[in-house]
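Let's take a walk through this structure together, one region at a time. Keep the 3D view open and turn it as you read.

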Amino acid sequence: MTPAPSIVVIGGGPRGTGVIERIAANAVELYGDRPLDLHVVDPHPAGGGRIWRPDQSPLLWMNSMAEDVTMFTDETVELAGPVVAGPALDAWAEDVRAGRITPDADPAVLAEIHGLAGADFPTRRLQSAYLRWTYERALAALPPGITVHEHRTTALAVTGPRGGRQRVRLQDRPEPLLADLVVLTVGHLDAEQDPEQQGLADFARRHALVHLPPDFTADSDLDALRPGEPVIVRGFGLAFVDLMVLLTEGRGGRHENGEYLPSGREPVLYVGSRRGVPYHAKIGYPWTGERPPLPQHLGPAWTEQLLSRTGPLDFRRDIWPAVAKELGHAHYHRLFTAHPERTALAHEVFAEKYAAADPGSPELAGLIAEAVPDPADRLDLDALDRPLDGVRHDSPEAFQEALRAHITADLARRHDPEHSEDLAVFLGLLSAYAQLIRLGDIGSWWHGFFSYLASGPPGPRLHQLLALSRAGVVRFLGADLTVETDEEQGLFRARSATVPGARTEARALVEARLPDPSLRHTASPLLRALRDGGAAITDAGLLAVDPADGRVLDDEGRPHPRRLALGPFTTARTGGAFTRPRTGGPAFRQNDAAARAALTFLRDLSCRGLLAS
């Protein structure tokens, strides 16, 4: 008997779930009622995967409000397949409360659901329940000819000829899975230590110190950090926020009326980074009124023009000027339409001259200075990116006061609709991201800048950070942080340009960030096998894929007919596998294109009777 076609999705987290949802949405049109075996491989429960698994501390939150999280397409998503509406997280919680949905969730999570409002920041374990329900709904929507097989294990390698069935080798299982097509959606994976991290680890072992390399914070061995002892923390983004929470509230401390009451079990966290400041707080008010027309200067035509060029693209020269002009367009459109009293030109006049001026030109700068009298109302992306550049403080104590004032001002602004041009820039960032992912590997700076402005922590977390700073549990080090090792003293030493001459010594160092997604240092045997098996790897170490549908490219630029890949380890990396409703969802577009390519390939294979073993 001819075997049914088979597809293996490696990675059952939100990206794999999104691909399966798109397979279900497109199957009737592209595949009909033919039989198909769909295998899902992940050592963690499908739906949430590793990062969003249900067994996490209830202290860990999402960095998005419930009303800003969806796994479902809408009419703003550019896709060839059908839109299949579904509830955002807050609407899903309302359906649960009304008894229209009965999720398979822990009683403590159900209690969280019953208290959830749209503007709340849900716990990660609550998001895990939403993702699991999305996964189960997608399975229920598959045609009856598609049979699903779940494998709670790790995929070690994909082998096989380009023209034949692939073999997916699984951990602790003697026989491989046979696949006519494989989709890799493995998300964030562990990495081997690069030379710097390996040197720090070796130093720590020699001197019985603690060194925690880049990792998903919930998986780090935080028990090694002793109460009362100083800990140097390099990284001031979301991984730091998780670390801060687990080492304070997670050790019995409490926040009451804006103050932190220590348990006595906390270490002292000395934190710094390249910027020296935390990510900007999430914006705390909704959009009202006219939206800026996006994209304006950074649309599909611009993207196609860049893709038609020969030779490598330089981000600063070829891409950044258009990004800056697009973000400026969003900023000033909102300023002129929502806050015209702070402008000095008619909006129509400004818009015409702005569109005609070259990015970064003196003409553009002069126009903005004429039209926007207060410099505080102008968009200064360099100052936003590096607020401590050139800033110096005479003492660590002076810097503590200054950075608390910086965080306080950021919180006030991000919750004040009088500065709603900031929310317009956020929308501009989302629009720009949707175009830039079409360009492939453009380096890591843009992704970091996007996260810093658009994907920061909830406001309450920064209020907690201020309380911890006042309590002396967190100390700020500054920008351009460097970490050295002292063999004679057997200590780590941190310095920052922000407080010249100051230094911090500690017996513990934590790298508060996720591992680099580069395949050059990945600890995943699956990705190493792809890398060593002829898949194309960019200079940044990302897996090269066809931007149209995610097919894996080889060293000659040929797309593999039977292997697709989506996620942060590829050149088609996006800001996240889920997004806020009605913002285009570039990951959803990618999922749809990959699902349609897979279904079309399998249909044609089946019709031609080429399901060879």
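Gly 187, His 188, Leu 189, Asp 516 and Pro 517 lie nearest the centre of the largest cavity, out of 14 residues that line it. Bear in mind that you're looking at a predicted model. The space inside this cavity comes to about 100 Å³, and its lining splits into eight nonpolar, four polar and two charged residues. Counting cavities of 30 Å³ or more, the structure holds eight.

Now for a space that is open rather than closed off. The second largest pocket takes up about 590 Å³. Its lining has 24 residues, and the ones closest to the centre are Pro 312, Leu 313, Leu 439, Gly 440 and Asp 441. Helices α7 and α8 (315–338) each give at least two residues to that lining. By class, you'll find 15 nonpolar, five polar and four charged residues around this pocket.

Next, the packing. In soluble globular proteins, nonpolar side chains tend to be buried together. Here, the largest nonpolar core has 85 residues, and Phe 240, Leu 436 and Trp 446 have the most contacts inside it. A separate core has 29 residues, including Ile 7, Val 9, Ala 138 and Ala 597. Back to Trp 446: which residues does it contact, once neighbours within four places in sequence are left aside? The answer is Phe 315, Trp 320, Val 323, Leu 429, Ala 432, Tyr 433 and Leu 436.

His 447 is worth a click too. It sits in helix α14, which covers residues 445–454. Is His 447 buried or exposed? Its relative accessibility is 10%, and the cut-off for buried is under 20%, so His 447 counts as buried. Beyond the residues up to four places away in sequence, His 447 touches Tyr 433 and Arg 573. Tyr 433 is also among the contacts of Trp 446.

Helix α4 is a good one to follow from end to end. It runs over residues 124–140, and at 1.5 Å a residue its 17 residues should span 24 Å; the end C-alpha atoms are 24 Å apart, so the two agree. How many of the residues of α4 are buried? It's 12 of the 17, which leaves the helix mostly covered. Among the buried ones are Leu 126, Tyr 130, Trp 133 and Ala 138, and Ala 138 is also a member of the 29-residue core. The cover over these buried residues includes α1 (14–30), β2 (36–41), α2 (89–97), α3 (107–114), β3 (146–151) and α6 (238–247).

Finally, have a look at some backbone oddities. Most residues other than glycine have a negative phi, and most peptide bonds are trans. Asp 172 isn't a glycine, yet its phi is positive, about 65°. You'll find Asp 172 in the loop between β5 (166–170) and β6 (177–179), and at 74% relative accessibility it counts as exposed. Asn 257 is another non-glycine with a positive phi, this time about 50°. It belongs to the loop between β10 (254–256) and β11 (259–261), and its relative accessible area of 82% makes Asn 257 exposed. As for the peptide bond from Leu 294 to Pro 295, it is cis, with omega near -5°. Pro 295 lies in the loop between β12 (268–272) and α7 (300–307), and α7 is one of the helices that help line the second largest pocket.

How values were computed: Residues are numbered from 1 along each chain as its sequence is written. This is a predicted model: local features need pLDDT of at least 70, side-chain atom pairs count only at pLDDT 80 or more; totals for chains, interfaces and linings use all residues. Side-chain values use heavy atoms; hydrogens and water are left out. Helices (H or I, at least four residues) and strands (E, at least two) are DSSP runs, numbered from the N terminus. The expected span of a helix is 1.5 Å times one less than its number of residues. Buried means under 20% relative accessible area, exposed over 50%, partly exposed in between (1.4 Å probe, protein chains only). Contact means heavy atoms within 4.5 Å. On a 1 Å grid over the protein atoms alone, a cavity is a set of points where a 1.4 Å probe fits but cannot get out, and a pocket is an open set with protein on both sides within 12 Å along at least five of seven lines; lining residues have an atom within 4 Å of a point. Grid points are joined across faces, edges and corners, and a volume is the space filled by probe spheres set on the points. Ala, Val, Leu, Ile, Met, Phe, Trp, Tyr, Cys and Pro count as nonpolar, Asp, Glu, Lys and Arg as charged, and the others, Gly among them, as polar. A nonpolar core is a set of buried Ala, Val, Leu, Ile, Met, Phe, Trp, Tyr and Cys residues joined through side-chain atoms within 4.5 Å.
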